[in-house]
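Good morning, colleagues. Please take a moment to look at the sequence and the model on the screen before I begin.

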Amino acid sequence: MSADTAPDDSDRPDAGGKASAIPHAERGPAPSPCVGVCRIVEREARCAGCLRTLDEITAWSRLDDEARYDLLTDLERRRQRAEDGGIE
């Protein structure tokens, strides 16, 4: 498919939090956000490793890939906020 006939999907963020011209369906299955540091920080009600909430962790297996990519985008934003000095 040439660039002039490709669908314009540039406003959809990928897991890295940047705009991507590749639709979710063409990217394949969303990768798990688990980083193997599974420890719940009760004060924040999140996993210290992947930053997901308990609800997000348990829902992951039931989410479709679009919802998973949306969550991956949210997690990247959380990581950025954490690196900048805090998480909401």
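Let me begin with a definition: a residue is called buried when its relative accessible area is under 20%, exposed when it is over 50%, and partly exposed in between. Please also bear in mind that what you see is a predicted model.

With that definition, we may turn to L51. At a relative accessible area of 11%, L51 is buried, because the limit for that class is under 20%. L51 lies in the loop between β4 and α2, the latter spanning 54–59. Its backbone deserves a remark: L51 is not a glycine, yet it has a positive phi of about 70 degrees. In general, most residues other than glycine have a negative phi. A45 also departs from that pattern, with a positive phi of about 55 degrees although it is not a glycine. The loop that holds A45 runs between β3 (40–41) and β4 (46–47). With a relative accessibility of 42%, A45 is partly exposed.

Allow me now to place these loops in the chain as a whole. The chain contains three helices and four strands, and from the N terminus the order of elements is β-β-α-β-β-α-α. It has 88 residues, of which 26% count as buried. If we take the contacts between residues at least 6 apart in sequence, 41% of them join residues at least 24 apart. The accessible surface of the chain is about 5900 Å², and carbon and sulfur atoms account for 50% of that surface.

I come next to the cysteines. How many disulfides does a search of the whole structure find? The search finds zero. For C38, the closest cysteine sulfur is that of C34, at 3.9 Å, which is too far for a bond because a disulfide requires two sulfur atoms within 2.5 Å. C47 is likewise in no disulfide, the nearest cysteine sulfur being that of C50, 3.9 Å away. As to their surroundings, C38 is exposed, with a relative accessible area of 66%, whereas C47 is buried, at 4%.

Finally, the salt bridges. The structure holds four of them, and I shall discuss some of these. Which residue forms a salt bridge with E56? The partner is R78, and the closest N and O atoms are 2.7 Å apart. This pair links distant parts of the chain, since E56 belongs to helix α2 and R78 to helix α3 (residues 65–83), with their positions 22 residues apart in sequence. Are these two residues buried or exposed? E56 is buried, at 17% relative accessibility, and R78 is buried as well, at 10%.

Helix α3 also contains the pair R79 and E76, three residues apart, or about one turn of the helix. Their side chains meet in a salt bridge with an N to O distance of 3.4 Å. Here R79 is partly exposed, at 27% relative accessible area, while E76 is buried, at 17%.

Another salt bridge joins the side chains of E44 and R43, at 3.2 Å from N to O. In this pair E44 is partly exposed, with a relative accessible area of 32%, and R43 is exposed, with 72%.

To close, I return to the two backbone cases: A45, with a positive phi of about 55 degrees, and L51, with a positive phi of about 70 degrees. Thank you for your attention.

Technical notes:
Residues numbered from 1 in each chain as written. Predicted model: local features only at pLDDT ≥ 70, side-chain atom pairs only at ≥ 80, totals over all residues. Heavy atoms only, no water. Buried < 20%, exposed > 50% of the residue type's maximum accessible area, 1.4 Å probe, protein only. Helix = DSSP H or I, 4+ residues; strand = E, 2+ residues; numbered from the N terminus. Contact = heavy atoms within 4.5 Å. Areas by Shrake-Rupley, 256 points an atom, 1.4 Å probe, with all protein chains shown as cover. Salt bridge = Lys/Arg side-chain N within 4 Å of Asp/Glu carboxyl O.
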